[in-house]
Amino acid sequence: MKLQFDADQQFQINAVAAVADLFAGQPQGAPEYAVISVTGSSGLFAGQEQTELGLGNRLLLAEDSLLKNTRTVQAHNEIEVAGPNAPLEGWELFDGPANVSRRCPHFSVEMETGTGKTYVYLRTIFELSLRYSFQKFIIVVPSVAIREGVLKNIEITAEHFRALYNNLSFEHFVYDARKVNRLRQFATSNTLQILVINIDAFRKNFTGTEEQQKSNVIYKESDKLSGRQPIEFVQAARPIVIIDEPQSVDRTDKAQEAIKALNPLCTLRYSATHVNPYNLVYRLDPIRAFELKLVKQIVVGSAKAEGAANDPFVRVEKIDYKNGIKAKVRIQAQTPQGPKEKSFTVKQSADLFVLSEERANYRTGFEVTEINAEPGREYIRFSSGRTLRLGEEIGGLREDVWRSQIKETIKRHLEKELQVRDSAGERGIKVLSLFFIDRVANYRDYDGDGKPVKGKFAAAFEIELANWAKDRRFKDIPWLKEPVERLHNGYFAQDRKGILKDTSGDTQADDDVYNLIMKEKERLLSSDEPLRFIFSHSALREGWDNPNVFQICTLNETRSALKKRQEIGRGLRLPVDQNGLRVFDDSINKLYVMANESYEDFAKALQNEYEEDCGVTFGKISLAAIAKLTRVVDGEDKPIGREAAAVIQAALVEQKMLDDDGRLQPAFDPKRPDFKVELPEGQKDLAPAVVDLLASFQIERHIRRARDEGTNRLRKEVTLSPEFAELWKRIKPKTTYRVEFATDVLVQRAVYALKQMERIEKPRIRLVAGRLGVEKGGVTAAAVSVAEEKVVYGGPVPDLLAYLQNETELTRSTLVRVLKESGKLGEFFNNPQRFMDAVATILKNELHRLLVDGIKYERIAGEGSVAEWEMLLFKDEELINYLKALQVEKSVYEYVVYDSEIEREFAKRLNERDDIKLFVKLPHWFLVDTPIGKYNPDWAILKQNGLAFYLVRETKGTRDYLKLRTSEADKVRCGEKHFDAIGVPFDVVVSADDV
């Protein structure tokens, strides 16, 4: 099976553009489109610089231009900055090959786990190479797990990127201390070079012992490199350094010194959990990722023992030797409300009878006589002689709990198999389940002769799977007929004899496991591979995942110490079918987490991690978040600003929906029948948007309870009715489109836009003189003087018309008219590259608008799926979340699933009106083709008031929506013309009263 990649995912395109646009105005080197080619690395139009050691990246952009570009990108992506004129965060370093001091700026991109962070920075490498001829890149990773993941991504995306970037040649390799001569090729090659290196490979010179420093090959002179140090070739390349998970890579000063020693042109930092988001240019946080449905929705089921108070219950939760040897045990203590579980920290001689408020169960034999804190052998011994190891318990229902967890996870897996079979059909979606365990022996143990035997989890799994296989619902699942041992397997580290063992996650033995997981990624996704249930050590927590993991079950004997984000991160990514294509079906894209704790505990822990890791506080709405609400002003979406936001915030506090700190209160309950938000005059139109904003911060919207999930039944009596048949007959025809526009109109619009374009100034060069110091830790530098001068360009002139033709596909004669009539042509010679980029962007924008305005739809003749949408695509049942669904009587399904407060109120009012006989929320597969992507209309309605009216309506927050010139508004505009072509009235409405 081969994974396919979608090059048109807008959020990924935006993330790539956020970095690429930082260097707008940087001249290109001998680009493919230039008819008048610029040759030689010494010219202005080269993004590289030649030294005796190799060819290095070169930044020709003035620092103030880079700052201006950064602030433009940040404003576009709605990222708040301390001050627009504050200098860029970065390092001052001495550039040895150039013999000057210079700045190395940092730029950060935040992307939620599972949204394609690695794909984005790999694509950014190709974009920077093509646009600016930057050719040398180093990817620094914190661990072998992530390194293997990066290498796998490069391997499986290579063909995709070659197709996307005109077969751009590139080479990639992993740094190997035994092959340091490969660094010479990295430095001297003129093709795109990608070096992947683990931070530990070059950090020892700054953090290790004197012996480790001596053994660090990258800093040792080598005969293979003509007596040079390998690091010198890296420094000559002046690489752009991409840091994957910077919070793990350069969190110490010494680690930063190590990266600085690479002589980076700049650093690009990618993570979901930045500690220091230097010069943040793009953010896709967890709330945004969930709202855009870029990751699976999380559904949490929990297994927790309750009411087992008859026997003495003891669980050993923690043992350590910091500040004295002690243990943390959980027991049942007597309270006025009866026995309750509580945790206590105990030392030797502690008596559980006393701690339990003298519960009779603990009267004899429960004095602590010994605590052993030796790592790997932790245990606690009681006066009865009973010994409990770390994680073990007595007297509770732990065994019943984990059996229930295994049983429920298998059941969910089999139900998901049926669901994807009905939904995906022949495309096929392989379903995987992942079990986390903290002791290998629970899955695979060894007898006295060293022969492997099933652990208790493996044995219980096989019993429960065999029981479920007898259920008639699952009789048609073919792989259930396979031998059971082929259906489950474990990924664990092993010793030299092949014996599986417990590890910490970062040993050499773990490296082999990560390698196996990465290499088998596609095999696991293939339906031909019977393996469907994976057992993994909870220490294997980062750097790997599988998109088709739909169930995660934590069977740890202790409360999981694994971070919740790491746990769910193994299955957040959207699934793929057997053709390797991503699946965007909301009813399928759900990750079921079978936790060994309550939903409330799981959600609270995850919420705390979101707050600590990325500053996203569920349940707390800041003034800045309200200020970003928009309304249409002069055809543009404009933020309402802090002043209007303060008025809205005060009204919400007065209605007790928020407290003074902005935290959600119980009064905010959109599901309540009498719920309503009252806003002051001038802000009333924003009420639905305010409700949606507040709802998006509810943890329940993102981390759902299993019991809130249920089925949505198709009302076949409705689909068979003559009313629905007639409505469907009206809206089901498909169309094709063509585009017409007048050249004179394009010229007129483009000339006007170019005249408004900001003036293109001459580039400037910053001259810095520095003083060197040689110290034990390395070479230091201090700037002693700085000067700037403007560049008067006198080199070869690139072919402006050829470039614009390549970018816009317009004729040379049209381009000449636009350029001459704009009066801007003289600015081309100030900074040719920046001028060409700015003009190309304007022309493409105007062309895009004309395409939409000039589009014409025609109905496709004939019958069948090519010419019309078929009713067969309606599913008999859909799995939905009841928290975002409204029960109705006048639709084809029992519930209408809504995406916003406007949609909920719209459906509610339609359902109440006597003149509305039938309405349908059009399904996700009802898509209209447009030049800018697919459009999914909102509602089809049958209104009967003497006469029958068959209507299609789009619900939006403003009646002025079609005045906007955004891509989404353009899709609606195209949709309007589609329905006009098939004779169905279409309109954008704010409420049901507009119908």
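Let's start in helix α24, which covers residues 722-731: F724 and W728 are four residues apart there, so about one helical turn separates them. Keep in mind that this is a predicted model. The two rings form a stacked aromatic pair, with 5.9 Å from centre to centre and 20 degrees between the planes. Are these two residues buried or exposed? Both F724 and W728 are buried.

Now widen the view a little. F724 and W728 belong to a cluster linked by ring pairs, together with W869, F874, Y893, W925 and F926. Across the whole structure, a search turns up 35 aromatic pairs.

Rings can also have charged company. If you look at F173, you'll find the charged end of R182 sitting over its ring, 3.8 Å from the centre. There's another case at F550, where the charged end of K296 sits over the ring, this time 5.0 Å from the centre.

Next, head for a pair of strands. Strand β28 takes in residues 630-633 and strand β29 takes in residues 636-639; they pair in the antiparallel sense, over four bridges. One place to see the pairing is V633, whose bridge partner in β29 is E636. Together β28 and β29 make a hairpin with two residues between them. In that turn, D634 has a positive phi of about 50 degrees.

Finally, follow the chain to helix α30, residues 967-981. How far apart should the ends of this helix be? With 15 residues at 1.5 Å a residue, α30 should span 21 Å, and its end C-alpha atoms are indeed 21 Å apart, so the two values agree. Several of its residues are buried, including A969, V972, C974, G975 and F979. And what do the buried residues of α30 pack against? Their partners are α28 (832-853) and four strands you can pick out by number: β32 (735-739), β35 (855-859), β41 (947-955) and β42 (986-989).

One residue of α30 deserves a closer look: K971, which is found in this helix. Why does this lysine count as buried? Its relative accessible area is 14%, and buried means under 20%, so K971 falls within the limit. Leaving aside residues up to four places away in sequence, K971 touches T930, I932, G933, K934 and Y935. Just after the helix comes G983, which takes a positive phi of about 80 degrees.

Definitions and conventions. Residues are numbered from 1 along each chain as its sequence is written. This is a predicted model: local features need pLDDT of at least 70, side-chain atom pairs count only at pLDDT 80 or more; totals for chains, interfaces and linings use all residues. Side-chain values use heavy atoms; hydrogens and water are left out. The expected span of a helix is 1.5 Å times one less than its number of residues. Buried means under 20% relative accessible area, exposed over 50%, partly exposed in between (1.4 Å probe, protein chains only). Contact means heavy atoms within 4.5 Å. Rings of Phe, Tyr and Trp (its six-membered ring) pair if their centres lie within 6.5 Å; planes under 30 degrees apart count as stacked, over 60 as edge-to-face and the rest as tilted. A charge sits over a ring if NZ of Lys or CZ of Arg is within 6 Å of the ring centre and within 35 degrees of the ring normal. Two strands pair if DSSP finds at least two bridges between them.
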